[in-house]
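Reader: I've got a model open and I'd like to learn how to read its backbone oddities. Can you walk me through it?

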Amino acid sequence: MASHATARPLTAVKSGPLSGRIRVPGDKSISHRALMLGALAVGETVITGLLEAEDVMNTAAAMRAFGATVLRDDDGTWRVRGLGVGGLLEPAGIIDFGNAGTGVRLTMGLAAAQPIAVTFTGDASLIKRPMGRVLEPLSEMGVEVIARSGGRLPLTMRGPRLPLPITYRLPVPSAQVKSAVLLAGLGTPGVTTVIEPVFTRDHTERMLKGFGADIEITSEPDGGRRIALAGRPELKPQAIDVPSDPSSAAFPIVAATLVEGSDITVEGVLMNPARIGLIDTLLEMGANIEVTAERTTGGERLADLRVRHAELKGVTVPAERAPSMIDEYPILAVAAAAASGETRMPGIGEMRVKESDRLAAVAAGLRANGIACSEGPDWLSVRGGRIAGGGRVVTHLDHRIAMSFLILGMVAGNPVSVDDASMIATSFPTFEALMTGLGATFEAAEAADA
Ligand SMILES: O=C(O)C1=C[C@@H](OP(=O)(O)O)[C@@H](O)[C@H](O)C1
Ligand SMILES: C=C(OP(=O)(O)O)C(=O)O
């Protein structure tokens with residue numbers, strides 16, 4: 001895990017028009033899963049377009065610790081030689097996932113159906129995040145856990161000799177919890193079933209199908225989905241080409257929408273319906289986003305997105321859209337700050353348990369820059385208008401807070417600083433280079449106590 005012992009403050013200044021064509025790096029959710037399923041397949045999985053960011057590199061290191069061979073060719077192609085379902089070895093050391101919630105929660109599922117002891121930890125952000133939501137169903141399957149109170153990292157778990165298949169109804173709309181149970185189900189005899197009342201990103205299901213698992217998805221009478229997975233399949237290695245991450249594309253898309261005179265194209269963006277709630281919302285607000293060159297690769301829809309500046313108006317975002325844009329609310333709040341009228345965002349309580357309490361961090365950052373907003377336990381409301389800027393935003397080890405407020409600085413009356421841009425490397429290491437290539441100006445800022 002990379003160390004972020006030294007914070008790197010950064011300032012964004014008002015930007016001229018943005019122009020150019022860019023490709024943002026590979027999707028983080030798909031990258032984690034490609035390495036994990038590769039580690040369980042029999043033979044060599046070849047991955048192109050893998051996101052080479054800290055969160056995913058921690059997953060690569062974890063798969064090596066379990067005994068898989070994970071190699072990178074000079075041209076950026078990754079090769080994973082898997083161990084077969086049930087073939088993970090007991091790691092010799094502690095598995096440190098750094099800042100990565102997806103990495104640690106899915107790997108807990110992966111290791112759960114084998115009688116091996118594994119100790120997990122993470123950085124100052126990850127050790128505050130709830131793990132009980134994953135440990136609870138895994139315990140029902142027979143996993144023993146020794147954790148700090150509240151189910152926080154660091155923790156040690158050991159899978160049972162004979163794991164039990166369960167039927168689990170998700171109490172929170174979380175693709176991480178769904179995926180952890182399904183990955184545990186892979187090593188469990190019989191059929192493991194997850195019922196999700198609300199549709200969340202389905203990359204695990206799609207990829208399990210691609211690797212040859214027997215997985216059946218049906219609709220529930222209440223509109224939810226029932227996912228039934230037969231345990232102990234032999235997974236066949238795959239060639240995976242990871243599409244560009246829509247959660248990273250969100251930053252240049254909002255920047256080009258807000259900065260007058262802009263006209264950019266973001267190429268090859270993943271358009272999975274469970275991931276594009278932000279695009280739907282921006283279109284409702286009046287954004288000019290043209291979806292072009294639509295195609296399908298590896299069972300996922302992709303498109304090039306041409307984005308031109310547009311004046312936005314406030315909207316109410318339907319609460320049921322939240323899972324399809326849960327990581328995009330910080331940047332949506334920035335778009336809302338520049339829109340006319342009020343933007344209401346209900347049903348976003350899950351934002352409080354991300355890398356930071358994002359609801360609180362966004363509200364504080366907006367206020368520090370002269371934008372009026374109000375918040376409740378699971379909602380945020382932003383009153384758009386003139387953006388004074390001039391504030392310094394506390395990012396709480398959260399990459400998306402850092403990137404969102406740097407975009408705010410591009411349209412604010414005065415420069416906007418973030419206290420630490422180093423965490424951007426966890427998900428979008430080329431953010432600064434791509435944004436400055438389009439025309440943005442970022443300047444190294446003074447540390448607060450310098
Ligand atoms: O499954 C995944 O890859 C993810 C699911 C979401 O988390 P939750 O499952 O906690 O909603 C999301 O916020 C995270 O960035 C990635
Ligand atoms: C919530 C996020 O990631 P994770 O849960 O994997 O840390 C994110 O990338 O916004």
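Reader: What share of residues 15-433 is helix and what share is strand?

Author: Helices are DSSP runs of H or I with at least four residues, strands are runs of E with at least two, and both are numbered from the N terminus. In this predicted model, residues 15-433 come out as 29% helix and 25% strand, with the end C-alpha atoms 15 Å apart. UniProt lists that stretch as "domain: Enolpyruvate transferase" in an unreviewed entry; its positions follow the numbering used here, feature names are shortened, and annotations may be inferred rather than shown by experiment.

Reader: Which peptide bond is cis?

Author: Look at omega: the bond from L153 to P154 is cis, with omega near -5 degrees. P154 belongs to strand β9, residues 152-158.

Reader: Where does R232, with its positive phi, sit?

Author: R232 is in the loop between β13 (225-230) and β14 (239-241). Its phi is about 55 degrees, though R232 is not a glycine.

Reader: And what is phi at L397?

Author: Near 60 degrees, again positive in a residue other than glycine. L397 lies in the loop between β21 (392-393) and α11 (399-409).

Reader: How accessible is R232?

Author: Buried is under 20% relative accessible area, exposed is over 50%, and partly exposed is in between (1.4 Å probe, protein chains only). R232 is partly exposed at 46%, and L397 is partly exposed at 26%.

Reader: Any ground rules?

Author: Residues count from 1 along each chain as its sequence is written, while chains are lettered from A and ligands numbered from 1 in the order written. Local features need pLDDT of at least 70, side-chain atom pairs count only at pLDDT 80 or more, totals for chains, interfaces and linings use all residues, and side-chain values use heavy atoms, leaving out hydrogens and water.
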